[in-house]
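Colleague: I should be grateful for a close look at a single part of this model, beginning with one side chain and working outwards to whatever surrounds it. Please set out the reasoning as you proceed, and place the part within the whole chain at the end.

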Amino acid sequence: MTTSTTHKNSPDSTPPPATERRSWLRDRSELGVCVLLLALGVLVLTDALTMDVDITQRGPVGPKTVPLVVGAGLLVVAALLAVDVLRGGRGQAETGEDIDLSEPADWRTVLLLTGVFLGAAVLIEPLGFPVAGALLFWGAAFALGSRGFDRDPLIAAVVSLVTYAVFNNLLGVPLPGGPLMGVL
């Protein structure tokens, strides 16, 4: 009885065809999430370890603690997920009642949210967090379908000011106040 496959350790073995490699990767596409989590974990840990914290250190638990825990957690989750995928684990297909997988993605909403987020990131330094945050919250509500033009800007302003106060005054995380802080 002869077989057409070659043994991996035989000297005349040839690498598998590209279609087999693509099929193997397609069957384990969750490994892409593992790579993303690994890269994000390394980025968070690198940023945390190079953080200058002399001014803001107030006790044994400082500003580096949470990023170090989150970065280490990302690495652990990436490793555990990779082991699960390589052992044959598969993610379950979406079975939600409210999701129609035959419908195309809503790119308009994604692009609006991306623009609002990037706009807030650009405006936070010159306008301060209260104004940029209010624009972010109102813009996100608008992009997600809220059309309460009379109440949404007011709610966004209150949420932004409360967020600023909590971070700046209670948590000790300085956020740029902008020109309105002299008035408020």
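Modeller: Phe149 is exposed, since its relative accessible area is 52%, and the threshold for that class is over 50%. The model is a predicted one, and the values that follow are computed from it. Phe149 belongs to the loop that connects helix 5 with helix 6. Apart from residues within four places in sequence, Phe149 has contacts with Trp138 and Phe142. Trp138 is 11 residues away from Phe149 along the chain, and 9.4 Å separates the C-alpha atoms of the two.

These contacts lead to the aromatic rings. The structure contains 2 aromatic pairs. In the pair formed by Phe142 and Phe149, the ring centres lie 6.1 Å apart and the planes meet at 45°; the pair is therefore classed as tilted, because that angle is neither under 30 degrees, as stacking would require, nor over 60, as an edge-to-face arrangement would. Ring pairs join Trp138, Phe142 and Phe149 into a cluster. Phe142 is partly exposed, at a relative accessible area of 25%, whereas Phe149 is exposed. Phe142 also has a charged partner: the charged end of Arg147 is placed over its ring, 3.9 Å from the ring centre.

Beyond the loop comes helix 6, which comprises residues 152–170. Its 19 residues should span 27 Å at 1.5 Å a residue, and the C-alpha atoms at its ends are 26 Å apart, so expectation and model agree. Within helix 6, the buried residues are Asp152, Ala156, Ser160 and Tyr164. They occupy an arc of only 100° around the axis, and therefore lie on the same side of helix 6. The general principle is that an α-helix has 3.6 residues a turn, so residues three or four places apart point the same way. Helix 5, residues 129–143, is included in what covers the buried residues of helix 6. On the face turned away from the buried side, helix 6 carries the exposed residues Leu154, Asn169 and Leu170. Immediately after helix 6, Gly172 adopts a positive phi of about 75°.

A further point of interest is Thr109, a residue of helix 4, which runs over residues 107–127. Thr109 is buried, because its relative accessible area of 15% falls under the 20% limit. Its side chain makes a polar contact of 2.5 Å with the side chain of Asp106. When residues up to four places away in sequence are set aside, Thr109 touches Ala143 and Leu144; the range given for helix 5, 129–143, takes in residue 143.

As to the whole, the protein chain has 6 helices and 0 strands, and its elements follow the order α-α-α-α-α-α from the N terminus on. Of the 184 residues in the protein chain, 18% are buried. Among contacts between residues at least 6 apart in sequence, 57% join residues at least 24 apart.

Conventions
Residues are numbered from 1 along each chain as its sequence is written. This is a predicted model: local features need pLDDT of at least 70, side-chain atom pairs count only at pLDDT 80 or more; totals for chains, interfaces and linings use all residues. Side-chain values use heavy atoms; hydrogens and water are left out. Helices (H or I, at least four residues) and strands (E, at least two) are DSSP runs, numbered from the N terminus. The expected span of a helix is 1.5 Å times one less than its number of residues. Buried means under 20% relative accessible area, exposed over 50%, partly exposed in between (1.4 Å probe, protein chains only). The arc is that of the directions from the helix axis to the C-beta atoms. Contact means heavy atoms within 4.5 Å. A polar contact is a pair of N or O atoms within 3.5 Å; within protein, one must be able to donate a hydrogen and the other to accept it, and residues adjacent in sequence count only if both atoms are side-chain atoms. Rings of Phe, Tyr and Trp (its six-membered ring) pair if their centres lie within 6.5 Å; planes under 30 degrees apart count as stacked, over 60 as edge-to-face and the rest as tilted. A charge sits over a ring if NZ of Lys or CZ of Arg is within 6 Å of the ring centre and within 35 degrees of the ring normal.
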